[in-house]
Amino acid sequence: MTGKPTYEELERRVKALEREAYPRRKAEEALRQSEGKIRAILDQTFQFIGLLTTDGILVEANRASLQFAGLTESDVLGKPFWETPWWIHSPELQQDLRQAIEKAAKGEVVFFHANHYDLEGGVHYIDGSIKPVTDGDGKVVFLIPEGHDVTIRKRAQERLHRINDCFLNFGSDISANIDLLTDLCGTLLDADLARYDHLERIEERASLGVLRDAGDEVMVLNDLANHPQGTRDRDVSELRLQTCVGKNVKCGGEIVGTLCVFFERDVVLSDDDKEVLEIAASAIGVEEARKRADEEKERLEARLQRSKKM
């Protein structure tokens, strides 16, 4: 008959079990830390990223992708990716996504373009991909969908295309060309008024206050209604304009006028917005140079005609 274990024997057995369990606890702790680090990395990225099973069920979505559309994890996790709110606005995109997931599950990296709507209903253009994740035997075990918001770049490209089209539509009437550029600048910047003032008129306009010390910089004047120059401008008072953004127009190194866009609200222009204004102002400067050349030509021709009569 075996006697009961002594206290010392029990203590030895407990310590032995603790030694056996220690590596497992360390591994579990390391796994939890690793998962936490991965989650932190995913949530720190500005791009959209998630994790799918091979049949397309969404099991992870980072913070950026959720906040983009005002979603929570409970809205999307555990659902087929193509049935989540990001995709339901377009059956065509849903079908394309399902096909992309099928290809990725077979080991192919798939790239695609899509448009998605943010929380406020604004459309965003996304360059996306779905990449397979394999185990040690080369078997696909997960899929990683990624999306990069390229809206700003795409809109900048569209703007440049429209400006180029404007150039192609130029005719022989220089004033009409300048009007085309001015109107297009206002449209592209979503301004309430766009205006080009030649040098003679600047003294009468709010643009003088904007550009007096501007040099070659894009300058902004806020609170026009209470600005000395703003009170002298009829457009400012009649249209209740709040902000003026202006750029000097130069010809032959001299300021010949100012291109300004006006808003009924406070605005903060992006670098791409400023580039539109700069391109338009530069193009108007070219047209002004053409105008000078034409006027000089007319003067020379008139002198030639007079000399022939003498």
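What follows walks through the two sheets of this predicted model, the helices packed on them, and the cavities and pocket found around them.

Start with the five-stranded sheet. The strands are arranged as β2-β1-β5-β4-β3, the sheet is open, and the pairing is antiparallel. On the outside sit β2 (58-61) and β3 (110-117), each with a pairing partner on one side only. From one strand to its neighbour, the average turn is 25°, with direction ignored. At the β2 end, β1 and β2 run antiparallel and are joined by 3 bridges, with Leu52 standing opposite Leu58 in β2. These two strands form a hairpin with 5 residues between them, and Gly56 there takes a positive phi near 90°. On its other side, β1 (residues 48-52) pairs with β5 (residues 140-149), again in the antiparallel sense and again over 3 bridges. Here Phe48 stands opposite Gly147 in β5.

Two helices deal with this sheet. Helix α5 (residues 151-168) packs on it and touches β4 and β5, its direction making about 130° with that of β4. Helix α4 (residues 91-105) lies across β1, β3, β4 (123-134) and β5, and runs at about 150° to β3.

Phe48 turns up again in the aromatic pairs, of which the structure holds 5. One of them joins Phe48 and Phe68: the ring centres are 5.1 Å apart and the planes stand at 50°, so the pair counts as tilted. This is a link between distant parts of the chain, with Phe48 in strand β1 and Phe68 in helix α2, 20 residues apart.

The same region comes back once the enclosed space is considered. The count comes to 2 cavities of 30 Å³ or more. The largest cavity holds about 220 Å³ of space. It is lined by 18 residues, and those closest to its centre are Phe48, Ser65, Phe81, Trp87 and Gly147. So Phe48 and Gly147, the residues that stand opposite each other across β1 and β5, are both in that central group. Two or more lining residues come from each of β1, β2, α2 (63-68), β3, β4 and β5. By residue class, the lining of the largest cavity splits into 11 nonpolar, 6 polar and 1 charged.

Now for the other sheet. This one has 4 strands in the order β6-β9-β8-β7, and it too is open with antiparallel pairing. Its edge strands are β6 and β7 (219-221), each pairing on one side only. The twist averages 25° from one strand to the next. In the middle of the order, β8 (residues 243-251) and β9 (residues 254-263) pair in the antiparallel sense over 9 bridges, and Cys244 stands opposite Phe262 in β9. Helix α6 packs on this sheet, touching β6 and β9, and its direction makes about 145° with that of β6.

Helix α6 also has a hand in the second largest cavity, which holds about 50 Å³ of space. Its lining consists of Ile163, Leu181, Leu184, Cys185, Leu188, Val276, Ile279 and Ala280. Both α6 and α11 supply at least two of these residues, with the largest share, 4 residues, coming from α6. In terms of class, the lining of this cavity is 8 nonpolar, no polar and no charged.

The second largest pocket draws on some of the same elements but has another make-up. Its volume is about 250 Å³. Of its 14 lining residues, Ser175, Ile178, Asp179, Tyr196 and Asp197 are the closest to the centre. At least two lining residues come from each of α6 (174-188), β6 (193-198) and α11 (271-309), and α6 gives the largest share at 6 residues. The class split of the pocket lining is 4 nonpolar, 3 polar and 7 charged. Helix α6 therefore gives the largest share to two linings, that of the second largest cavity and that of the second largest pocket, while also packing on the sheet through β6 and β9.

Notes: Residues are numbered from 1 along each chain as its sequence is written. This is a predicted model: local features need pLDDT of at least 70, side-chain atom pairs count only at pLDDT 80 or more; totals for chains, interfaces and linings use all residues. Side-chain values use heavy atoms; hydrogens and water are left out. On a 1 Å grid over the protein atoms alone, a cavity is a set of points where a 1.4 Å probe fits but cannot get out, and a pocket is an open set with protein on both sides within 12 Å along at least five of seven lines; lining residues have an atom within 4 Å of a point. Grid points are joined across faces, edges and corners, and a volume is the space filled by probe spheres set on the points. Ala, Val, Leu, Ile, Met, Phe, Trp, Tyr, Cys and Pro count as nonpolar, Asp, Glu, Lys and Arg as charged, and the others, Gly among them, as polar. Two strands pair if DSSP finds at least two bridges between them. Axes are lines fitted to C-alpha atoms, for helices over the stretch in contact, and angles run from 0 to 180 degrees between N-to-C directions. Contact means heavy atoms within 4.5 Å. Rings of Phe, Tyr and Trp (its six-membered ring) pair if their centres lie within 6.5 Å; planes under 30 degrees apart count as stacked, over 60 as edge-to-face and the rest as tilted.
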